[in-house]
Amino acid sequence: MVKNTCEKFFISQPEMDHKMSKKLQVARIAEQTGLSLSTVSRVLAGKANTSEKARRRVRECAKALGVLEDMAAGRLLLNSLVVFAPRRAFDERSDIFYYRVIQSINKALEPHEVRLRYCALEENDADANLFLARMNDPQTEAALLLGIDDPHIHDLACDVGKPCVLINCRDRKMRLPAVAPDHRAIGENAARYLFEMGHREVMNVLCLRRYTMELRLAGIRDAWEAQNLAFDEKRHLLTAPDFSARGSEALVTRFLEETPAALLPGALLVGGDFMAAGAVKALQNAGLRVPQEMSVMSIDAFNLAAIEDVPLTAVHVPRDALGEEAVFMLQQRLIRPQAAVGTLLLNGTLDVRESVRRVRPGRGSASVQRDGLYD
């Protein structure tokens, strides 16, 4: 019992030094700003019960003293944040990707006393008056823009001057910081894996409604070029109308009906889980087994771990990390508002499962093994 009590109250010398240093920093800031110790402590802890004037004075003084450099991973120096996103992002059934990103923002803000509000905007031709009304609200201290491509909104965000970070979109004039998946590298990595597995005839099933999907296609083309292969859109690309299973099923069904069996590809690279589900259903309806007669690979695989009992090989897009990294980037902007602006590109993750088989040149079809190199 005594031992546990001693362990509970023991403070190491480094911990003691850190606590003393923190107290001295708070005392110095209080002395230079004329504010009380408790007010300075509340501001540095990101508490809500402080005035904007006091927060500004403490931040300016802390920055001058170099204190903010040690707070990058600490509490957010704000109390109210607005997330702007397309309306579908707030409905899991309409856009599960963006919905999960918003959930990751919520999770990243859990340790902080931050009031989080939401505002629906169109990706393009957004309501500028609505955006300005939300941004100019005195309670709005900063904003996150998720999937908003409208350049006019980006211009307004710069003019308002409040900290703003973009998520999965870009300011073409390079003024606003952003965090996004590295779509081009993700597309290239997925295609390269199929080539490494011995596939040479690959059909890509993609929805190209946003520039981000065009970037993935550019990465896929890079993988073709690295193999000294010519990418032909007529032979290697099926453009889906959306990301739904139904749309991809119809598209792949029509492709199978119009293509002689001898000219069918050995693999499909599909731009999303639900699209992959539709593609697999079309293959099975045509009597083709996955992966024995045709492999299927997805770029996503967060939503459907398996399709028709076939575990799905995929490159995971870093969906759940986007919100956390955006919040951290926002903290950096608060601490260093004059720092250089850039875009943080997050890598994808290859998850090797059972929907892609290895093709060995000059030999018959390889059996599908449950235990492999990457399991």
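User: How many helices and strands does the protein chain have?
Analyst: The model is a predicted one. Counted along the protein chain, the secondary structure comes to 13 helices and 14 strands.

User: What average pLDDT does the protein chain have, and where is the pLDDT below 50?
Analyst: In the protein chain, 83% of the residues score at least 70, and the average pLDDT is 85. Residues 1-20 have a pLDDT below 50 and make two contacts beyond near neighbours in sequence. The pLDDT is also below 50 over another stretch, which has 12 such contacts in the model: residues 363-375.

User: Which strands form the open sheet, and in what order?
Analyst: The sheet has six strands, and their pairing is parallel. From one strand to the next, the twist averages 20°. The order is β2-β1-β3-β4-β5-β13.

User: Which are the edge strands of that sheet?
Analyst: An edge strand here pairs on one side only. This applies to the strands at residues 115-120 and 343-346, which are β2 and β13.

User: How many bridges join strand β1 to β2?
Analyst: Strand β1 covers residues 80-85 and runs parallel to β2. One facing pair is Ala85, opposite Ala120 in β2. The number of bridges joining β1 to β2 is six.

User: At what angle does helix α5 run to β2?
Analyst: Helix α5 spans residues 96-109. The helix lies across β1, β2, β3 (142-146) and β4 (164-167). Its angle to β2 is about 160°.

User: Is His316 buried or exposed?
Analyst: His316 is found in strand β12, residues 313-316. The relative accessible area of His316 is 15%, and the cut-off for buried is under 20%, so the residue counts as buried.

User: Which residue has its backbone oxygen 2.8 Å from a polar atom of the His316 side chain?
Analyst: The pair joins a polar side-chain atom of His316 to a backbone oxygen, at 2.8 Å. The residue that supplies this backbone oxygen is Asp300.

User: What share of the 375 residues is buried, and what share of the accessible surface belongs to carbon and sulfur atoms?
Analyst: Of the 375 residues in the protein chain, 48% are buried. The accessible surface comes to about 19,500 Å², and the share belonging to carbon and sulfur atoms is 50%.

User: What share of the contacts with a separation of 6 or more comes from residues 24 or more positions apart?
Analyst: The count takes contacts in the protein chain with a separation of 6 or more. Among these, residues 24 or more positions apart account for 69%.

Technical notes
Residues are numbered from 1 along each chain as its sequence is written. This is a predicted model: local features need pLDDT of at least 70, side-chain atom pairs count only at pLDDT 80 or more; totals for chains, interfaces and linings use all residues. Side-chain values use heavy atoms; hydrogens and water are left out. pLDDT is the predictor's confidence in each residue, from 0 to 100. Contact means heavy atoms within 4.5 Å. Helices (H or I, at least four residues) and strands (E, at least two) are DSSP runs, numbered from the N terminus. Buried means under 20% relative accessible area, exposed over 50%, partly exposed in between (1.4 Å probe, protein chains only). Accessible areas come from the Shrake-Rupley method with a 1.4 Å probe; for residues, only the protein chains shown count as cover. A polar contact is a pair of N or O atoms within 3.5 Å; within protein, one must be able to donate a hydrogen and the other to accept it, and residues adjacent in sequence count only if both atoms are side-chain atoms. Two strands pair if DSSP finds at least two bridges between them. Axes are lines fitted to C-alpha atoms, for helices over the stretch in contact, and angles run from 0 to 180 degrees between N-to-C directions.
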